[in-house]
Amino acid sequence: MIRCRVRKNLLPGSLTLLAAGLLTAAVAGLIGPTPVAAQTGAITGTVTNSQTGEPLPAAQVSVEGTGLGTLTQPNGKFLILKVPTGTYTVSAILIGYANASVQVTVADGQSAVADMKMAPQAVSLSEIVVTGVAGATQRAKLPFQVDQVRASDLPVPTPTVSTAIAGKVAGVQVVGGTGRPGTAPSILLRGPTSIDAAGRSQDPLYVVDGVILGSSLVDLDALDIKSIEIVKGAAAASLYGSRAAAGVIQIRTKRGTSMADGVVHYTVRSEYGQNRLPKVPSALLGKYQPYLMDSNGEFIDSQGNHCVYLLCQNALALAGNAEWAAPGATGTAWNTVQDQPWPGKTYNQVARFFETGQYLQNYVAAEGRSGATNFNVSVSNLNDGAVMPGDVAFN
């Protein structure tokens with residue numbers, strides 16, 4: 001209800017104006033305050049390589065604290081609309097580059113410029129895993145386990161790839177081959193294996209820099225390796241199909257991408273050693289015998305006759321020292337302690353048959369980067385001698 005009290009001393013026409021003003025105020029009070037339009041602007045800019053100046057496509061650009069973001073176009077440009085007015089931090093993320101950010105102020109109806117330059121950075125394998133899937137994948141998003149061996153995990157250089165992963169990854173067995181120099185060992189990953197593998201291979205699938213090399217150990221120097229990634233079991237089949245049912249070993253070689261611009265790093269290695277059989281314990285050598293001998297060092301045969309040990313056919317066992325024989329049983333060579341030394345000279349036939357093989361390896365490499373060009377060039381030779389007479393050395 002609106003009440004209006006009119007005074008008599010009002011001027012003519014004032015009554016009409018006063019009533020109209022009161023009516024307008026009442027209607028405005030019932031409707032409520034008039035909404036004010038939100039103040040927004042836009043953010044635009046270009047993301048480029050800090051070293052070459054080239055535009056970086058597919059970089060993820062976001063406005064911190066707003067949930068707004070976008071990806072850069074092939075020319076490196078981006079545009080974010082409807083950004084509330086204020087001061088914000090705009091950041092850019094791209095795999096292989098260090099994160100970049102810049103602070104801008106957005107005005108109503110205006111476009112703020114946020115140009116950013118990103119510096120190249122090596123991918124950290126502790127956070128990013130480069131597998132057979134498309135592109136790099138964060139470890140937390142992988143549905144299977146990927147084990148890694150990096151060059152930093154090998155403070156002492158190893159001669160081959162197999163020795164680089166032996167004892168460093170759980171569930172990986174490195175089994176030596178025939179023992180012939182140059183023969184690749186067999187690597188078995190955790191999974192279904194069989195004693196009888198005739199007609200089929202139980203070795204994993206080898207992939208070097210994205211190139212599938214089949215199921216044989218690659219002829220690659222361990223110093224050229226940047227990282228080794230291993231996927232065990234049938235999980236690898238989801239990446240490479242049935243041929244990877246025994247697992248996958250992916251090798252990434254050095255390319256000079258981690259080197260500073262204009263820097264060349266040289267590596268020279270020379271190693272010499274010997275191949276030989278492990279020492280045979282003396283207890284395994286036939287130095288003692290269990291037969292009866294006289295004071296002259298001659299054997300006594302089963303007839304009680306003396307005979308030379310090389311010509312004695314039926315030597316009599318030490319019946320008196322037959323500690324293992326049953327009570328009343330006759331001592332034989334099988335139940336008598338061998339505590340009598342052989343007369344004459346004895347020989348270590350294992351040491352006489354096998355020989356010592358010479359091992360020599362040389363390696364020279366140059367790794368560097370110049371602008372957008374990176375390289376890694378290496379030359380190596382290996383001479384691996386055999387331990388069996390007549391066996392050919394591996395060169």
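**Notebook: a small cavity and the sheets**

I began with the second largest cavity and wrote down its lining: Val149, Arg150, Ala151, Leu154, Ala222, Ile225, Lys226, Ser227 and Ile228. For my own reference, a cavity here is a set of points, on a 1 Å grid over the protein atoms alone, where a 1.4 Å probe fits but cannot get out, and lining residues have an atom within 4 Å of a point.

Before going on, I noted that this is a predicted model, with local features needing pLDDT of at least 70 and side-chain atom pairs counting only at pLDDT 80 or more, while totals for chains, interfaces and linings use all residues. Residues are numbered from 1 along each chain as its sequence is written, and side-chain values use heavy atoms, with hydrogens and water left out.

How many cavities of 30 Å³ or more does the structure hold? I found 2, and the second largest has a volume of about 30 Å³. That volume is the space filled by probe spheres set on the grid points, which are joined across faces, edges and corners.

I sorted the lining of the second largest cavity by class and got 6 nonpolar, 1 polar and 2 charged residues. The classes are Ala, Val, Leu, Ile, Met, Phe, Trp, Tyr, Cys and Pro as nonpolar, Asp, Glu, Lys and Arg as charged, and the others, Gly among them, as polar.

Which strand gives the most to this lining? It is E16, with 4 residues. Strand E11 (147-150) and strand E16 (225-231) each supply at least two. Strands are DSSP runs of at least two residues, numbered from the N terminus.

I then followed E16 outwards. It is mostly covered, with 6 of its 7 residues buried; buried means under 20% relative accessible area (1.4 Å probe, protein chains only). E11 pairs with E16 in the antiparallel sense over 4 bridges, and Arg150 has Ser227 as its bridge partner there. Two strands count as paired if DSSP finds at least two bridges between them. E16 also pairs antiparallel with E17, over 6 bridges, with Ile225 partnered by Thr253.

From E17 (residues 248-253) I stepped to E14, which runs parallel to it with 4 bridges. Tyr206 stands opposite Ile249 in E17. In a regular strand the side chains alternate between the two faces of the sheet. In E14 (residues 205-208), Leu205 and Val207 point one way, Tyr206 and Val208 the other, and all are buried.

Next entry: the sheet E18-E23-E24, open, with 3 strands and antiparallel pairing. Its edge strands are E18 (263-275) and E24, each pairing on one side only. The twist averages 5° from one strand to the next, with axes as lines fitted to C-alpha atoms and angles running from 0 to 180 degrees between N-to-C directions. I counted 12 bridges between E23 (residues 357-370) and E24, and Ala366 sits opposite Val377.

Is Asp384, in strand E24 (residues 373-384), buried or exposed? Asp384 is buried, at a relative accessible area of 15%. Its side chain makes a polar contact of 2.4 Å with that of Asn275. Such a contact is a pair of N or O atoms within 3.5 Å; within protein, one must be able to donate a hydrogen and the other to accept it, and residues adjacent in sequence count only if both atoms are side-chain atoms.

Last, I checked the open sheet of 4 strands, E3-E2-E5-E6, paired antiparallel. E3 (68-71) and E6 (100-106) have a single partner strand each, so one side of each is left without a neighbour in the sheet.

Terms used. Buried < 20%, exposed > 50% of the residue type's maximum accessible area, 1.4 Å probe, protein only. 1 Å grid on protein atoms, 1.4 Å probe; cavity = no way out; pocket = protein on both sides within 12 Å on 5 of 7 lines; lining within 4 Å.
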